[in-house]
Amino acid sequence: MGGLANASMPVGMLSDRIGRRPVPISGFVIFALIYFGFGIAKSVMWIWMLFILYGLYYAFTEGIQKAYIADIVPEGQRGTAMGTYNAMTGIAALPASILAGFLWQTFGPVVAFSTSSAIAIFAALFMVIFRI
């Protein structure tokens, strides 16, 4: 994680003020921009800058997504919802990593990072369109 991971508290306070939903949507957009940047970065300096900004993505998503789940799930089902969320996240990580590795090996880093960027934009749009 990057150096901006300590932005979690201010971002959490922001989600208290404006609501949980807009914050992870913004986090997905930040992720998309950073991953697109990784794909086109030509210097080590840019890569380091993007790694620092990567912490901002975590601040906008990691804790907020769990708080959002707690907000939308009935109190008696929160433990099950958190367990399901974490299980699905873990299960999705393997095929996502395999796909990213395949894209990198077959087409190069620009395609791998651009695909990840596009999927993040799709996730943000999905949340906006379906009001999830």
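1. A definition to start with: Ala, Val, Leu, Ile, Met, Phe, Trp, Tyr, Cys and Pro count as nonpolar, Asp, Glu, Lys and Arg as charged, and the others, Gly among them, as polar. Keep this sorting at hand as you look at the structure, which is a predicted model. With that in mind, the lining of the largest pocket divides into 26 nonpolar residues, six polar ones and two charged ones.

2. Let's stay with that pocket. Its space comes to about 1300 Å³. A total of 34 residues line the largest pocket, and Phe28, Tyr57, Gln65, Thr89 and Ala92 are the closest to its centre. Try finding these five in the model as a way into the region.

3. Which helix gives the most to the lining of the largest pocket? That is α4, with 12 residues. Helix α4 is not alone, though: at least two lining residues come from each of α2 (22–40), α3 (44–72), α4 and α5.

4. Next, look at how two of these helices meet. Helix α4 covers residues 78–107 and helix α5 covers residues 109–129; they pack at an angle of about 145 degrees, and their axes are 6 Å apart. On the α4 side, the contact is made by Ala100, Leu103, Trp104 and Phe107, while α5 brings Pro109, Val111, Ala112, Phe113 and Thr115. By the sorting in the opening point, eight residues of this contact are nonpolar, one is polar and none is charged.

5. Now for the largest nonpolar core, which has 17 residues. Those with the most contacts inside this core are Val11, Phe31, Ile34, Tyr35, Phe38, Tyr54 and Tyr57. Helices α2, α3 and α5 each supply at least two of the core's residues, and α2 gives the most, with seven. Apart from this core lies another, of five residues, including Ile25, Phe28, Tyr68 and Met127.

6. Isoleucine 34 is a nice residue to zoom in on. Which residues is isoleucine 34 in contact with, leaving aside its neighbours within four places in sequence? They are Leu50, Leu53, Tyr54 and Tyr57. Two of these partners, Tyr54 and Tyr57, are also listed among the residues with the most contacts inside the largest core.

7. Finally, take a look at serine 116, which lies in helix α5. Not counting residues up to four places away in sequence, serine 116 touches Phe31 and Tyr35. Serine 116 and alanine 32 are 84 residues apart along the chain, yet a separation of 7.1 Å is found between their C-alpha atoms. It makes a friendly example of how the fold brings together parts of the chain that are far apart in sequence.

Notes. Residues numbered from 1 in each chain as written. Predicted model: local features only at pLDDT ≥ 70, side-chain atom pairs only at ≥ 80, totals over all residues. Heavy atoms only, no water. Axes fitted to C-alpha atoms, helices over the stretch in contact; angles between N-to-C directions. Helix = DSSP H or I, 4+ residues; strand = E, 2+ residues; numbered from the N terminus. Contact = heavy atoms within 4.5 Å. 1 Å grid on protein atoms, 1.4 Å probe; cavity = no way out; pocket = protein on both sides within 12 Å on 5 of 7 lines; lining within 4 Å. Points joined across faces, edges and corners; volume = space filled by probe spheres on them. Core = buried A, V, L, I, M, F, W, Y, C linked by side-chain atoms within 4.5 Å. Buried < 20%, exposed > 50% of the residue type's maximum accessible area, 1.4 Å probe, protein only.
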